[in-house]
Amino acid sequence: METPVSEGLGSKRSLRKKSGQKNYDENLMDEFIEKHIGSAFRKIRTKEELEKETETEAMIALSLGFPIDALIEDEIKAGVVRELGGKEQNDYIVVRNHILSRWRSNVRIWLTKGQIKETVSNEYVHLLSAAYDFLLYNGYINFGVSPSFSSYLPEEATEGSVIIVGAGLAGLAAARQLLSFGFKVFVIEGRNRPGGRVYTQQMGKKDKCAAVDLGGSVITGIHANPLGVLARQLSIPLHKVRDNCPLYKPDGVLVKNEIDSRIETVFNKMLDKVNELRKIMGGFANHISLGSVLEKLRQLYAVARSPEERQLLEWHLANLEYANAGCLSDLSAAYWDQDDPYEMGGDHCFLAGGNWRLIKALSDGVPIIYGKTVDAIRYGVEGVEVVAGNQTFQADMVLCTVPLGVLKRKTIRFEPELPQRKLAAIDRLGFGLLNKVAMIFPRVFWGEELDTFGCLNETSDNRGEFFLFYSYHTVSGGPVLIALVAGEAAQTFERTDPSLLQHRVLSKLRGIYGPKGVDVPDPIQTICTRWGNDPLSYGSYSHVRVQSSGRDYDILAESVGNRLFFAGEATTRQYPATMHGAYLSGLREASRILRATRGRQNYFRRSVQRNVGPSSDQLADLFKWPDLVCGKFSFVFNPLTDDPKSMGLLRITFDNCKDDVRKVLEKNSDPLSNQPLQLYTTLSREQAHELQKVTGEEETKLVYLINNIGLKLMGANTLGNTYNSLVSSISNARRGRGGRYRISAPLLNTV
């Protein structure tokens, strides 16, 4: 069994909020978009209609993570426009937004370039191709499980081979995307089922059964959520988790609204004060825990003094530990909520029938080998090998999607060992625990109107034990209650006999409903999860631990040598600890694998591309003023961004080459003459700084560049389109070109 990747319910403060109608039907999105942009598909539109449609499309793009009047970093890297900040960029953005909105209007249909051409003027066809290709190959359109997509998929593999370790959401998302790109893909899964930490179990008997999510269960924020797209493609209804969450004291008495609201306000003010303090403390805040700061604030302001107030505050602290899958004593006071700005908007929802319906659709048609636990992953310039028991599988690349808990335990051996920076990030990040007691009863005794209710505990040590109950009777097909166990209680839970746990949870329920005259029957079946002891997860989901930061998620996402790639909820800085984060990371890595493959193909086709790249004069002009110089190593970067992942150019000048250096160069670049030469490659800012830290002679740096970072060196006459675009973007940025342009809609057809 695995864990709830998405139990953290969006905002890491409180799940007891949000309002709306009882049921949320994703099909309503189709009607909404058609109402607002449906006229975009007609041939005749007025200028006013076009402007209104353009504004609406811009807002839809914004909800999907695209700025209204700028390119995202990946678009800049892809060179979607020739000049940044100009009219062409303005026109490109309008076309991009139009394509996004057009596909979102009907996610069941494969959107083609031909369909887009019907509503875009011919003079902007080159922008249409750039926008469409970027959105397609980066997983923004035409992704998912719609049956109609099959006719657009390649019949034979044309790109290369990829092994994916793990058939969870990340692995399945990447597999389907790579198959659509033309890769040969197969997945190795240690369990006897797909889904990983998303696990739906059938409970009960023939006459009283239900589908219960023992792992990831809540779709956290439906707006722009890719899991909502999958639900729409499969016509699966969603149930909005309703607001009403009454709290009960340990003796079963209902907590009054007045004290409930007052302590919740106190709790939120304490978190606001934490935010103020960490701004004052600066980097020092990362060396202390959120729990210690909150306790100091409680003592300083003397809040929650009565037993009931203290128990209420402890309930909110337990809820915070649930959202982060970790004890407050482990969470970084500085960065525990670093992903809050990126949370998905909209309601939190349950999927009718359980999340296995998504997993089943995603795994359909994907080659998966079950029951194979991976022992080792070997990677190098010639390809990869994955060892599982007495079998060895070979491919061009490998994508590792195992949980962070498995990486921490080092149950998979990497050969060569992972870079030190990645090992350090794995060690720093936290991987916590959440457990559940799932029970199916003969009837719904707790009331049809409730989706959640909470219970206070006597002490802080057990504040997370059965502190929150979820009712699944609206979506599971039966009378199901799930009790959550978080924080320290989740760890103690794993060492406790299941029969004792069932007795405790039933005592708590009978203490609430017995005084009301409601009989609480024995459950038909009870299941207690044990995610911490699961050898294929060793926990539930990730959090930012003391001395860690969101940067560590980025480091975990880095590929090694363009052969070994990583995906999963612990590799996404924006959406960690969520099911949609895991899914999006799979789409992200599929795109990276495609780019790496195309890069190698371009390298081997360099003789065809000798006249495509930047001219020698352009390169010479660019390197007159390098941004960083380290001996014979010169670096240039785009001055408009300081993103560590932003790409730049490296030039290495060789006057005389030693024999051993010549052998390395001739293996990893063009054949050399006896004349002084200059070789080039692309690399990120962080890779440049990593290279700068390498000690020893320049030959050492060169070997590290090729063997450890995995970069290829090329002569000026073999640089291709990618380099041409990068050189142009850096040159334009240095000249200070640009200025923001107002987005308008003249490029869409008016007749």
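Here is a short chat about how some helices, strands and rings sit together in this predicted model.

User: Before we start, what should I know about the numbering and the model?
Analyst: Residues count from 1 along each chain as its sequence is written, and side-chain values use heavy atoms, with hydrogens and water left out. The model is predicted, so local features need pLDDT of at least 70 and side-chain atom pairs count only at pLDDT 80 or more, while totals for chains, interfaces and linings use all residues.

User: Okay, at what angle do helix α9 and helix α11 pack?
Analyst: Helices (H or I, at least four residues) and strands (E, at least two) are DSSP runs numbered from the N terminus. Axes are lines fitted to C-alpha atoms, for helices over the stretch in contact, and angles run from 0 to 180 degrees between N-to-C directions. For α9 (residues 257–281) and α11 (residues 307–324), the axes are 10 Å apart and the packing angle is about 55°.

User: Which word describes how α9 lies relative to α11?
Analyst: Under 35 degrees counts as roughly parallel, over 145 as roughly antiparallel, 65 to 115 as roughly perpendicular and the rest as oblique. The angle here is about 55°. That makes α9, relative to α11, oblique.

User: How do the residues of the contact of α9 with α11 divide?
Analyst: Contact means heavy atoms within 4.5 Å. On the α9 side you'll find Ile259, Phe267 and Leu271 among others, meeting α11 residues including Leu312, His316 and Leu320. Ala, Val, Leu, Ile, Met, Phe, Trp, Tyr, Cys and Pro count as nonpolar, Asp, Glu, Lys and Arg as charged, and the others, Gly among them, as polar. The split for α9 with α11 is nine nonpolar, one polar and five charged.

User: How are α8 and α12 oriented to each other?
Analyst: The axes of α8 (residues 226–234) and α12 (residues 356–363) come within 11 Å and cross at roughly 80°. Leu227, Leu230, Ala231 and Leu234 in α8 meet Arg357, Leu358, Ala361 and Leu362 in α12, and this contact has seven nonpolar residues, no polar and one charged. From that crossing angle, α8 and α12 are therefore roughly perpendicular.

User: Which strands stand at the edges of the four-stranded open sheet?
Analyst: Two strands pair if DSSP finds at least two bridges between them. The order is β13-β12-β11-β15, with mixed pairing, and the twist averages 15° from one strand to the next. Each edge strand has a single partner, so one side of each is left without a neighbour in the sheet; these are β13 (391–395) and β15 (413–415).

User: Which residue in β15 does Arg378 stand opposite?
Analyst: Strand β11 (residues 376–380) and β15 run parallel, joined by three bridges. Opposite Arg378, in β15, stands Glu415.

User: Which residue does a cis peptide bond join to Glu415?
Analyst: Most peptide bonds are trans. Here, though, omega is about 0°. The partner is found in the loop between β15 and α14 (420–428), and it's Pro416.

User: Which strands stand at the edges of the six-stranded open sheet?
Analyst: This sheet has mixed pairing and the order β8-β18-β19-β20-β17-β21. Inside it, four bridges join β17 (residues 435–440) to β21 in an antiparallel run, with Val437 opposite Cys528. The edge strands have a single partner each, so one side of each is left without a neighbour in the sheet: β8 (247–248) and β21 (525–528).

User: At what angle does α16 run to β19?
Analyst: α11 lies across β8, β18 (452–455), β19 and β20 (480–485), at about 70° to β19. Helix α16 (residues 498–513) lies across β8, β17, β18, β19, β20 and β21. Its angle to β19 is about 70°.

User: What is phi of Phe466 near?
Analyst: Most residues other than glycine have a negative phi. Phe466 lies in strand β19 (residues 465–471). Its phi is positive, near 50°.

User: What kind of aromatic pair do Trp103 and Phe143 form?
Analyst: Rings of Phe, Tyr and Trp (its six-membered ring) pair if their centres lie within 6.5 Å; planes under 30 degrees apart count as stacked, over 60 as edge-to-face and the rest as tilted. The structure holds 22 aromatic pairs. This one links helix α4 (residues 87–104) with the loop between α6 (125–137) and β2 (161–165), 40 residues apart in the chain. At 5.1 Å centre to centre and 55° between the planes, the pair is tilted.
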